[in-house]
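Biologist: I should like a close look at the largest nonpolar core of this chain. Which residues touch the most other members, and which helices and strands supply this core?

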Amino acid sequence: MADLLDIIARRRSIRRMKDRPIPPDVIERLFEAARLAPSWANSQCWDFIAVTDPEKRARLARAGGPKAAMQAAPLIVVACARPQASGHRNELDYFMLDMGIAIEHLVLEATALGLGTCWVGWFDEDVVKETLDIPADVRVVALVPVGYPDEDPPARARRSLAEILSWNGWQHKSP
């Protein structure tokens, strides 16, 4: 069994994918991983749409995101939130955090299963909603194209642990 930290380290944004369908039971595992994510007061404010229909995937590809990944992916995950179902405190809407955790669970499960993903946050939400009949009170938080990788990009630079970690109080330098 793979070590979780190894799976996290292997995760990359994949923009080139093979033309190979993903079996339904594998797709369901991705959503099971998302379903198990923690959320504000266990509100589970999320709803997901698995888009495998070629015509709908093509419309979503025109809504935004990296064209190669959006056009080639045999699956586009549409991550939706019901903001009113999550918390709001100190001027922060927690539905975005809830969704981030659930999407990351899905992305890490995809990596563990040998699939590639690319988290997409820039798209025309109105086009996505119209294409998939999503209600007005639901927010589309992300699109995640998923497929078998056709590239192996190198790891990107990360700040060192010494740069991001303080013990028992703020010790970081200003940028």
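Modeller: The answer below turns first to the core and then to the chain around it. This is a predicted model, in which local features need pLDDT of at least 70, side-chain atom pairs count only at pLDDT 80 or more, and totals for chains, interfaces and linings use all residues. Residues are numbered from 1 along each chain as its sequence is written, and side-chain values use heavy atoms, with hydrogens and water left out.

A nonpolar core is a set of buried Ala, Val, Leu, Ile, Met, Phe, Trp, Tyr and Cys residues joined through side-chain atoms within 4.5 Å; buried means under 20% relative accessible area with a 1.4 Å probe, counting protein chains only. The largest such core holds 26 residues, and Ile22, Met99, Ile103, Leu115 and Val146 touch the most other members. At least two residues each come from helix H2 (24-35), strand S2 (75-81), helix H5 (95-112) and strand S6 (139-147); helices (H or I, at least four residues) and strands (E, at least two) are DSSP runs, numbered from the N terminus. H5 gives the most, with seven residues.

Leu115 may be followed in detail. Apart from neighbours within four places in sequence, Leu115 is in contact (heavy atoms within 4.5 Å) with Ile22, Val26, Leu30, Ala110, Val146, Gly147, Tyr148 and Pro149. A second, separate core of 16 residues includes Val51, Val78, Val120 and Val128.

As for the surroundings, the chain has seven helices and six strands, and buried residues make up 40% of its 175 residues. Among contacts between residues at least 6 apart in sequence, 76% join residues at least 24 apart.

Definitions and conventions: Buried means under 20% relative accessible area, exposed over 50%, partly exposed in between (1.4 Å probe, protein chains only).
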